[in-house]
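Got your viewer open and a selection box ready? Load the structure below and follow along, one selection at a time.

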Amino acid sequence: MAVTRRDFLKAGGVLVVGASLAPSLGRTQTIPNADRFLGKPLEADKLDAYLAIHADGSVTLFSGKVDMGTGGRIAMRQIVAEELDVRPERITMIEGDTALTPDQGSTAGSYGIARGGTQLRQAAATGRQALLALGAARLGRGVEDLETVDGVVRTKDGRASVSYADLIGDKAFGVALDPKAPLKDPQRFRFIGKSLPRPDVPAKATGRHKYLHDLVLPGMLHARVIRPPAHGASLKSVDESSMAGVSGAKVERIESFLAVVAEREWDAVRASRQLRAEWTGGTPLGEHATLFDSMRASTVVREQPVTRRGDTSALDAAAPGVRTLTATYRWPVHSHGSIGPSCGVADVRGDRATIWSSSQGTHRYRAAFAKVLGLAPERVRVIYMDGAGSYGQNGAEDAACDAALLSKAVGRPVRVQWTRQDEHGWDPKGPPQLLALRAAVDERGGVAAWETRAWLPVSTANLPHLPFLAADAAKIPQTQGRATGLIYQNIDPPYQYPNVDAVVRWIPDAPLRTSPIRAPGKIGNSFAVESFVDEIAALAGADPLAFRLKHLTNPRGAEVLREVGARMGWQARSSPRAADPKAPIAAGRGLAYVHYKHDETLVAMGMEVQVERASGRIRVTRVVCAHDCGLMINPDCVQAQVEGNILQTLSRALHEEIVYDRERVTTVDWQAYPILTFPEVPAIEVELMQRLDAPPLGAGEAASAPVAAALSNAVFDATGVRLRTVPFRPERVLAALAGRPRSGF
Amino acid sequence: MATLKLNVNATARSVELDDPETPLLYVLRNDLGLTGTHFGCGLSQCGACTVLIDGRATRSCVMPASAVQARAVTTIEGLGSPERPDPIQAAFIAEQAAQCGYCTSGMIVAARALLQQNAHPTEAQVREALAGNLCRCGSHARVIRAVLRAAGGR
């Protein structure tokens with residue numbers, strides 16, 4: 001193989017290229033010495049975009065996908081270590097820096113490893129091939145006589161060797177990614193499939209990890225943004241004398257974008273609390289109490305069939321012996337609920353800007369920030385830094401835009417820290433979902449026909465980015481529209497029923513600004529679908545596990561379901577459980593299954609619950625999950641994702657609902673918007689299926705999808721009462737137990 | 001401008017503050033460079049800013065700095081370092097009991113306070129002691145295991 005070796009300019013022993021942008025960008029990576037790579041290739045089809053091998057044999061990995069706490073920081077290293085044959089500890093990783101890493105798309109949709117990691121694996125394999133070719137030339141041997149091990153190319157007889165450092169140290173490979181570069185035989189894996197510890201945990205456990213929130217730049221000002229008291233309100237006047245007691249604080253105003261800046265953070269806080277401003281007008285929000293009724297009555301922008309097969313006419317003209325079942329399920333508006341409110345830091349100087357953000361999409365947002373600032377995208381560098389977990393698009397991009405506008409206005413670096421109330425009140429929300437289901441059940445308990453109608457807020461086609469709060473307030477033009485993620489997936493049953501008609505009715509409005517939130521739409525959709533399957537099984541007097549297996553044709557799906565049944569000691573019987581209705585505690589079990597996005601990760605989940613009849617309180621005692629996401633690079637990181645999916649979604653299903661009045665969100669702290677606490681955490685048992693020969697399918701979201709359904713099914717098994725509206729707060733459970741299922745609306 | 005004398009991580013520190021009511025959190029992070037203590041809510045609701053004051057777990061976001069003069073303040077940095085973690089930090093590392101890690105400092109500090117009062121807590125006592133510390137990533141089960149591991153010296 002002929003390697004095109006185009007040596008880049010070598011200066012001071014580091015890789016440097018003469019790209020015109022490099023000098024104009026701030027040298028500002030917090031990873032030591034990372035800025036020496038400014039000007040390196042970034043094209044996603046080039047090997048040098050991903051990997052650099054240095055003169056000391058160490059490796060730098062440039063990843064467009066970022067690690068928000070999910071384990072990519074070790075898993076990506078494992079992938080490169082495996083395919084390149086270097087030790088993982090020799091690898092430094094740089095993430096999500098638009099000046100240094102290739103654009104691999106946002107870190108979203110569970111595609112960090114499944115797509116980003118797969119791309120990286122091919123890059124490392126390409127690198128290994130290139131090194132073998134270089135080694136062959138250097139050693140005067142054929143490639144077939146050579147092997148690679150721990151950063152060395154050597155002859156298979158071990159007599160001659162040359163290090164990667166000697167072959168390529170600090171020089172560019174200059175080759176394109178080879179989609180056919182051979183991957184390592186799984187039987188020979190040394191690093192993939194091992195639960196290596198994450199490199200960031202020691203610093204996180206000792207307070208040394210540097211978050212975006214901790215970033216301090218020379219001359220940096222602290223800022224707080226004052227949001228309007230009502231959505232869309234205009235700023236009429238500001239009484240600067242109201243904060244005269246806070247020396248050093250200054251008001252910044254651009255149209256209705258209002259902020260205070262100060263040298264000291266506490267002064268910015270105090271000033272923002274004291275500042276008096278007059279606002280006028282606004283766009284009234286819809287009625288929260290009638291949200292789902294208005295969704296159902298809404299005009300429909302368009303209908304989208306997700307699955308249509310067979311003939312569902314049995315639903316409307318039931319044959320003798322066929323029973324029809326209908327039910328409506330409701331999923332409320334949720335906040336991402338990041339524990340650290342969003343933060344943004346920006347340094348805008350003249351014709352260039354550097355923005356530090358915990359955004360999951362730094363590349364995507366570079367052009368957006370550039371437009372708002374009136375700069376060419378090439379003049380803007382966005383650098384990812386860890387924030388608190390975001391689980392989709394929280395307020396990070398908005399906080400970054402706040403900081404950018406303020407930095408431009410004051411000519412100094414600015415750090416914007418959102419408050420708790422900002423985050424709960426203004427982070428873009430997970431959209432509400434309404435699903436109406438119908439089934440025709442024949443006399444043998446078979447599903448003769450299935451229908452899903454899902455009312456979901458529509459996303460705007462080709463929306464370049466979620467519109468920024470600050471840009472709207474500052475009256476800077478930007479494309480308006482909504483983003484929600486792929487919320488239509490999994491509205492159909494994952495079983496081979498012959499006659500299915502599953503359709504989304506896209507509706508134009510959502511009560512608040514929306515964005516993708518972990519497993520967008522799939523949790524609410526699976527809640528409806530898998531609860532309804534349980535309703536059908538109950539009507540048919542069938543065991544919920546056997547009822548599912550009967551029509552599950554995917555063998556990997558059947559395997560995870562059987563595994564959960566075995567682990568739970570599942571006793572075949574129909575729900576609800578025969579129990580004394582006067583017993584103070586009703587206990588039950590339930591399960592649910594998902595084939596995530598129809599063709600990705602397969603998850604079965606079982607749950608055991610106790611329902612306290614007097615209080616309506618649900619206690620989840622045990623969760624059992626079997627999970628098949630194909631190849632697992634790092635099983636312990638997958639396990640952590642599965643545990644996190646389970647607990648976060650239990651929290652959403654048991655407790656969470658964003659409430660608003662006609663002006664604004666009213667659930668703006670952890671008392672009004674409670675989340676799961678330690679005393680509520682159930683025992684969790686996870687069975688992970690390792691598939692060394694299969695592609696990785698992603699673990700960041702799938703296990704959240706069946707949680708609410710398994711929970712609702714377990715409550716039904718315990719009590720005979722079906723919960724169809726999230727959250728399952730005690731007052732709602734009590735109302736359901738008393739036979740008032742829609743109380744509380 | 002007032003001069004406050006503080007004892008932080010067994011070291012005498014002195015800071016100049018315009019407003020002596022400045023919450024301890026901001027003094028730790030911005031004046032003393034101890035950024036391991038995190039801002040989560042400013043409302044004493046989430047526990048991300050937890051520090052020890054005379055051994056008691058305290059929310060630094062609502063504690064005026066002036067109120068802790070002459071008292072011993074211990075932050076996450078004062079417990080141990082990546083090279084020499086204290087037993088709870090070591091247990092969190094061993095259990096990989098953090099995802100984003102934003103809430104982790106507060107949990108470790110709260111766990112330290114618990115183990116100082118009760119060296120061998122039950123699992124229920126660990127859960128109760130951490131009931132005011134919120135985690136969104138869902139690392140709870142690992143956190144509980146880590147605290148029990150530290151307590152049991154496993």
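What follows is a short walk through a predicted model, with a few places to stop and look.

**Stop 1: chain B as a whole**

Select chain B and colour by secondary structure. You should find 6 helices and 5 strands. Going from the N terminus, the order is β-β-α-β-β-β-α-α-α-α-α, so keep that string in mind as you trace the chain, since helices and strands here are DSSP runs numbered from the N terminus.

Now zoom out a bit. The C-alpha trace of chain B spans about 50 × 25 × 25 Å along its principal axes. How does the radius of gyration of chain B sit against that of a compact globule? For 154 residues, such a globule would come out near 15 Å, and chain B has 15 Å, so the two agree.

If you like to colour by burial, 55% of the 154 residues in chain B count as buried. For the contact-map fans: take the contacts in chain B between residues at least 6 apart in sequence, and 59% of them join residues at least 24 apart.

**Stop 2: a helix pair in chain B**

Stay in chain B and select residues 104–117, helix H4, together with residues 140–152, helix H6. Their axes come within 11 Å and cross at roughly 40°, which means H4(B) is oblique to H6(B). The crossing of H4(B) over H6(B) is right-handed.

Which residues do the touching between H4(B) and H6(B)? Show side chains for these:

- from H4(B): Met107(B), Ala111(B) and Leu115(B)
- from H6(B): Val143(B), Val147(B), Ala150(B) and Ala151(B)

Colour that contact by residue class and you get 7 nonpolar residues, no polar ones and no charged ones.

**Stop 3: where chain A touches chain B**

Bring chain A back into view. Here 50 residues of chain A are in contact with 47 residues of chain B. On the chain A side, try selecting helix H5 (201–205), helix H6 (265–274) and helix H15 (635–654), each of which supplies at least two residues. The largest share of that side, 8 residues, comes from H15(A).

What is the chemical make-up of the chain A side? Its residues divide into 19 nonpolar, 18 polar and 13 charged.

**Stop 4: two cis peptide bonds in chain A**

Hide chain B and pick Ser575(A) and Pro576(A). The peptide bond from Ser575(A) to Pro576(A) is cis, and omega is near 0°. Pro576(A) sits in the loop between helix H14 (555–568) and strand S23 (585–595) of chain A.

Next, jump to Val726(A) and Pro727(A), which are also joined by a cis peptide bond, with omega about 5°. To get your bearings, Pro727(A) lies in the loop between helix H16 (707–719) and helix H17 (730–737) of chain A.

**Stop 5: positive phi in chain A**

Pick Tyr391(A) and check its backbone torsions. Phi is positive, about 55°, although this residue is not a glycine. Tyr391(A) belongs to the loop between strand S18 (380–384) and helix H9 (396–410) of chain A. Buried or exposed, then, for Tyr391(A)? It counts as buried, because it has 30 C-beta neighbours inside 10 Å and the cut-off is 20 or more.

Last pick: Ala519(A). Its phi is near 55°, again a positive value in a residue other than glycine. Look for Ala519(A) in the loop between strand S22 (500–507) and helix H12 (522–540) of chain A. With 33 other C-beta atoms within 10 Å, Ala519(A) is buried.

Note on methods: Residues numbered from 1 in each chain as written. Chains lettered and ligands numbered in written order. Predicted model: local features only at pLDDT ≥ 70, side-chain atom pairs only at ≥ 80, totals over all residues. Helix = DSSP H or I, 4+ residues; strand = E, 2+ residues; numbered from the N terminus. Rg over C-alpha atoms; globule rule 2.2 N^0.38 Å. Buried ≥ 20, exposed ≤ 12 C-beta atoms within 10 Å, placed from the backbone. Contact = placed C-beta atoms within 7 Å. Axes fitted to C-alpha atoms, helices over the stretch in contact; angles between N-to-C directions. Parallel < 35°, antiparallel > 145°, perpendicular 65-115°, else oblique. Left-handed = near helix turned anticlockwise from the far one by under 90°. Nonpolar A, V, L, I, M, F, W, Y, C, P; charged D, E, K, R; others polar.
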